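Subject: Model handover

Hello,

Here is the model for you to look over. My notes follow below it.

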Amino acid sequence: MKVLLLSVVLGLLYAGHGEAQLILKPFSGEWKTHYTAASNKDKITEGGPFHAYVRHLEFHANNTVDLDFYVKSDGECVKKQLTGERQQLLVYHVEYAGENEVTILHLSPDAIIGSIHNVDEEGKETDLVGVLSKRDQISDLVYQKFKKETEDKGIPEENIVNFSDNDDCPEE
């Protein structure tokens with residue numbers, strides 16, 4: 001497992017633009033949101049634009065990534081689909097609830113930890129950190145990495161929301 005991860009990291013460091021995106025292709029597939037933290041907690045509470053239950057990521061050779069997820073509105077799960085455009089290695093631009101810079105911080109076959117810098121339509125900035133997994137639970141190590149990233153972004157612990165405990169949106 002460590003050899004696979006090391007190979008991916010080295011490949012990403014040395015690959016060209018299109019090749020780097022192809023290296024991410026194996027990470028395409030079904031994913032689930034476990035935790036999200038935000039500097040503005042309203043963005044991740046029910047009804048907020050980032051109260052999102054991720055279901056699928058698809059990395060493409062044309063330097064884009066597709067994201068399928070649900071948000072809850074009045075208790076109902078509403079399906080959303082977005083496409084992000086790669087700006088640089090592991091960094092994507094996504095238009096959703098404003099402008100977003102999405103950065104993949106940690107990547108493994110079982111978990112992705114990413115950050116989002118959102119500037120909404122009114123110009124308000126919010127930093128978010130989230131952890132996705134292919135499994136029903138994440139390891140303590142992955143959770144500790146996630147918490148460290150939230151601390152590094154200055155997001156208080158009380159702004160962490162556990163999504164796996166209240167995920168009743170449809171599976172893909």
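Ile 104 in β7 stands opposite Gly 114 in β8. Leu 107 and Ile 112 of β8 also face each other across this pair. β7 and β8 run antiparallel and are joined by eight bridges. Three residues make the hairpin connection between these two strands. Strands here are DSSP runs of E with at least two residues, helices are runs of H or I with at least four, and both are numbered from the N terminus. Two strands count as paired if DSSP finds at least two bridges between them.

A word on the source. This is a predicted model, so local features need pLDDT of at least 70 and side-chain atom pairs count only at pLDDT 80 or more, while totals for chains, interfaces and linings use all residues. Residues are numbered from 1 along each chain as its sequence is written, and side-chain values use heavy atoms, with hydrogens and water left out.

The overall layout

The chain has three helices and 10 strands. Along the sequence the pattern is α-α-β-β-β-β-β-β-β-β-β-α-β. Of the 172 residues, 45% are buried. Buried means under 20% relative accessible area, exposed means over 50%, and partly exposed lies in between (1.4 Å probe, protein chains only).

The 10 strands form an open sheet with antiparallel pairing. Its order is β1-β3-β4-β5-β6-β7-β8-β9-β2-β10. β1 (29–30) and β10 (160–162) are the edge strands, and each pairs on one side only.

The hairpins before β8

β4 and β5 run antiparallel, with 10 bridges between them. Val 71 stands opposite Val 78 in β5. Their hairpin has two residues between the strands, and Asp 74 takes a positive phi near 55°.

β5 and β6 come next. They pair in the antiparallel sense over three bridges. Arg 86 stands opposite Tyr 92 in β6. This hairpin also has two residues between its strands. Leu 90, in the turn, has a positive phi of about 65°.

His 93 sits in β6. His 93 is partly exposed, at 26% relative accessible area. Its C-alpha atom is separated by 8.8 Å from that of Thr 83, 10 residues apart along the chain.

β6 is joined to β7 by five bridges, again antiparallel. Val 94 stands opposite Asn 100 in β7. The hairpin of β6 and β7 has three residues between the strands. Ala 97 in that turn has a positive phi of about 50°.

The cavity

How many cavities of 30 Å³ or more does a search of the whole structure find? One. Its volume is about 590 Å³. A cavity here is a set of points, on a 1 Å grid over the protein atoms alone, where a 1.4 Å probe fits but cannot get out; lining residues have an atom within 4 Å of a point. Grid points are joined across faces, edges and corners, and the volume is the space filled by probe spheres set on the points.

The lining has 31 residues. Val 54, Leu 67, Val 102, Ile 116 and Leu 132 lie nearest the centre. Eight strands are listed as each supplying at least two lining residues: β2 (32–38), β3 (52–59), β4 (64–73), β5 (76–88), β6 (91–95), β7 (99–107), β8 (111–119) and β9 (125–133).

By class, the lining has 22 nonpolar, nine polar and no charged residues. Ala, Val, Leu, Ile, Met, Phe, Trp, Tyr, Cys and Pro count as nonpolar, Asp, Glu, Lys and Arg as charged, and the others, Gly among them, as polar.

Val 102 lies in β7. Val 102 is partly exposed, with a relative accessible area of 23%. The C-alpha atoms of Val 102 and Val 129 are 9.6 Å apart, with the two residues 27 apart along the chain.

Helix α3

α3 covers residues 140–152, 13 in number. From first C-alpha to last it reaches 18 Å, close to the 18 Å expected (1.5 Å times one less than the number of residues). Which of its residues are buried? Val 142, Phe 146, Lys 147, Glu 149 and Thr 150. Seen down the axis, these fall within an arc of 160°, so they line one face of the helix. The arc is that of the directions from the helix axis to the C-beta atoms. The face turned away from the buried side carries exposed Asp 140, Leu 141 and Glu 151.

Best wishes

Definitions and conventions:
1 Å grid on protein atoms, 1.4 Å probe; cavity = no way out; pocket = protein on both sides within 12 Å on 5 of 7 lines; lining within 4 Å.
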